[in-house]
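User: I'd like a close look at one part of this model, with the details spelled out for a beginner. Could you walk me through it?
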Amino acid sequence: MNAIELQGIQVNMGRKSILKGIDLTIEQGDFMTFLGPSGCGKTTLLRTIAGLQKADGGTIVLNGREVANGETAYHMDPAKRGLSLVFQSYALWPHMSVYENVAFGLQVRRQSKAEIREKVMAALTKVRIADLAERYPGELSGGQQQRVAIARAIVTEPQVLLLDEPLSNLDARLRVEMRAELKRLHRELGATIIYVTHDQQEALTLSTRIAVFFEGEIVQLDRPQTLYQRPATLQVADFFGNGGMDTNQLSAELIATDGGRSYLSSPVCSFPLEGITLTETMPVILTIKPEHIQLHRSYVPQSVPSVVEAVFPAGAETLVKLMTEGSELSARVLGDAEYSCGETVYITLNPEHMNLYNQGSGVRLSGVRPITPTREMIRA
Amino acid sequence: MSSKSLQPISLKRNRSRLWNQVTGWLRNPVNLIGTIGLLFLAYTIIWPVIEILIATFVWKQQDMRITAAANPGHFTFYHWQRVLASEISPSLFYKPILHASAVAVTVSFISMVLGCGLAWLVTRTDLPFKKGITFLAVIPYLLPSWVIAQAWLTFFKNEKIGGTPGILQSLTHMSTPDWLAYGFVPIVASLSIHDSVYFFLLVGAALSSMNSQLEEAASMSGAGRARILRRIVFPLMLPAILSGFILTFTRAISSYGVPAILGTPVDFYMISTMLYSSMRARLTTEAHVLSLMLMLISMLMIYMNHRIVGRQRSFVTVTGKDSHKTLMPLGRLRRPMAIVTVVLMTLVSVVPLLILLVQTFMLREGVYTVDNWTLHYWLGGSISGINSGEKGVLQNPIFLLALRNSLWIAAISSVIAAVVGLILGYVAARGKQTWIGRMVDQVSFFPYLIPGISLSAIYITMFAKPHFIVPALYGTVWLIILITVVKELPFTVKAGSASVMQIGGELEESAQISGASWWARFRRILLPLNRKSLLSAFLLVFIGAMKETELIIMLVTPRTETLTTLTFEYVEKGYTQLTNVVLMIMIAIVILVYYLATKYGKADLTTGIGGQ
């Protein structure tokens, strides 16, 4: 069953259009992440789903119930939508103890004292801070406050849990710890989660599906692996590149031969392609991840000589900056790599992991695949 | 055919769209409360002013007695002409306005120098006894401004208005000159002592939130102390100084009690005293014209302030953040400065009170012998030879009535004003982006422009008879409560919105998602988190209501007598000792409440009068 269906959601603020027609279906039990740079509209969409922001157009259906309709200006109160939201700032009430913070939602629902006590303690136990119940938010660390905010959100057993950049105020170590916690909670609760973040790593680690936002539109919706391996546009690839997962980009060309065959021609490699028919030469951008470049000490077939420019050891892996035929490339090597600057190495690129983009539009050429080179072709 | 069958559906769709839009709009608390708030403000502020404005252009029944040209109910410029351009206008309008403006400008300047100087000493130097000095500085504010006038008169009175001469004359056996006893000089002195506290609080708050690294940076660039003050500190303080100036100016120009005590005996009329006597002389319409002129002057002042401060707003250095502060050492001057300050402050804050207190124990004024000491004025019964047989205060049923009225009015109106201020402040803060929020913000500021005496002149006419569903409030304490709440709105709404602004919207949104209604959110989240500001607003209004004179002097009836009006009545009758007994009791109540609120509630007066 679909937990959330969004159709043509539009939101304007003043004259500025923040969301330009979002269509999205989220299934029951999904861990859906809205990923994008700041100002792309992801938090606005979250707030629109929550009901804190009115939709100027489009419809939202939660568990089969229409909760917002831009055409009829219908807007259901956030409280009646059966969802919870964890705010970026946690928004814990400073004058209430942890227990009171978590109990608030149950108290306004007028549940019995005993029932409230039981549910609050269960929620606090779930986020592993049952011993902090009597403390006040001001006396807690950032990570503990985060747990209180989550406990407060899950105590009402919402069908949908919304999280707005919940980890962005934590330090690096806590962030990794809380990621594991969130994953565990998602498994235990079985609720549908919508998670907003601008952190690519976080999105890849946590989600079952990721929607990438740019300027009020969803540009790609995919599983994390697909998204990582096959970014739909150069913009998405770039965005992932900025998150410490650099991607090598090279200018290349697709050349049509007389036999109706297409070839990729680039400074570092060239091979025949299938799935595309060309009438003239087409400029493209070729991308390949650093981990898909292999370094060899000596020449191997199909390899290209490169000069080592710099070496960045990072413990488990080493990033090697190379200069190949006038283009800069980075390669990632597992473990320590004893290369010195100025040394010549030979690199091979795995065509399977390359992506080709239309240079003008930046859209990935889908369906274009390298033809695995046969022995004959290599010989030729 | 298809269009035919579609039509009803789209019609229904449109109707439900409109319905959804309206209910959706009203379900937003900012809009709903804002609408109710605006209706309240329109009824209590805008409508009265418009009504008065119209009334000044219409012939009245009683005008028939003055001129044959009168045609009741018809349009005329007669009243305006009578006030602004007739043979009586010099004494009715021009002289009083000249006096009032001269007094207001002089008072503002003197208060500025005193208040800013003191604020600087207390916040920026290593002066000792700061806490004590601050308390001494606030005392005059806790008293009605005319208490100082009363003390002044006790000291400097001459035989001009009869009765016992003042202390000075008894000591020197020389007649105190009129200029020192009455008129411009003593009015300015009394008002300045009272009003410098506005500057002290406003500029003090601004100074203490200014990062002293700004001064140090100037000092590193080689600037001397004087230059730092002139080029760095002064420009940064300009907004605070200007708002202090406006506050002082508008209060001084419309003050009634002080000129009534010190000006009227020598026919030194200010616009407020003239307004009052016009009302008493049944020249109601002329009084309304005077009110409107007074409003116009206040508006011009505010407009000028906006013109000047508007450009200054870009300064962001005065933040609320706790910043590093270095106190300026006074060096060898430290001790002498402290002594001078304390002595001066005692002289203006404590000595007047002591003079008045000592007076209450003297059977006959000005006779300093042991057998003249008495508790008659506190506890005594009726003796026909003294004060026409008026009983000692604590035995006097009128006093007990006034005490009960005063406490009741102050308590009720301060609670209402604080809560209304918070609610409207909520609308102004959360609705900053919407027209309704901005309207509430601006309209609630309007009473600031209406001098108290004008507002009460308007309210007399408006609430003398039943009005829509509102019964005739004149003659009940509810009218006095209403006018107090309305008059204090600019301060309480400002305090409320500043306080709500500090509470992130997410705190409320998370409660909203948890299912809390607006009322639950208000009660459980906003109210507790705004407790301090609420208490400050309460304190501000309580003190204001306890000492309020201008605003209610025309509204009280024998049944709604308050402590201030009772005192004022005693002043007019010349019952000096009784006046002072009542004053002492009143001041004791105010100081006690101030002490309790600041000590246990952490209330802070500056938030209400516009401190950052």
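How many bridges join strand 17 of chain A to strand 20 of chain A?

Analyst: Four bridges join strand 17 of chain A to strand 20 of chain A, and the two run antiparallel. Before going further, note that this is a predicted model: local features need pLDDT of at least 70, side-chain atom pairs count only at pLDDT 80 or more, and totals for chains, interfaces and linings use all residues. Residues are numbered from 1 along each chain as its sequence is written, while chains are lettered from A and ligands numbered from 1 in the order in which they are written.

A few words on terms. Strands are DSSP runs of E with at least two residues, helices are runs of H or I with at least four, and both are numbered from the N terminus. Two strands pair if DSSP finds at least two bridges between them.

Now the bigger picture. Strands 17 and 20 belong to an open sheet of five strands in chain A, with the order 16-20-17-18-19 and antiparallel pairing. At the edges sit strand 16 (293-296) and strand 19 (327-334) of chain A, each pairing on one side only. From one strand to the next, the twist averages 45°; such angles run from 0 to 180 degrees between the N-to-C directions of axes, which are lines fitted to C-alpha atoms (for helices, over the stretch in contact).

Let's zoom in on strand 20. A:Val304 stands opposite A:Ile347 in strand 20 of chain A. A:Ile347 is also the bridge partner of A:Leu295. Strand 16 of chain A is joined to strand 20 of chain A by four bridges, and these two run antiparallel.

What do the side chains do here? In a regular strand they alternate between the two faces of the sheet. Along strand 20 (residues 344-349) of chain A, A:Val345, A:Ile347 and A:Leu349 point to one face and are buried, while A:Thr344, A:Tyr346 and A:Thr348 point to the other and are not. Buried means that 20 or more other C-beta atoms, placed from the backbone, lie within 10 Å of the residue's own; with 12 or fewer it is exposed, and in between it is partly exposed.

Finally, back to strand 17 (residues 304-313) of chain A: six bridges join this strand to strand 18 (residues 317-324) of chain A, and they run antiparallel. There, A:Val307 stands opposite A:Met323 in strand 18 of chain A.
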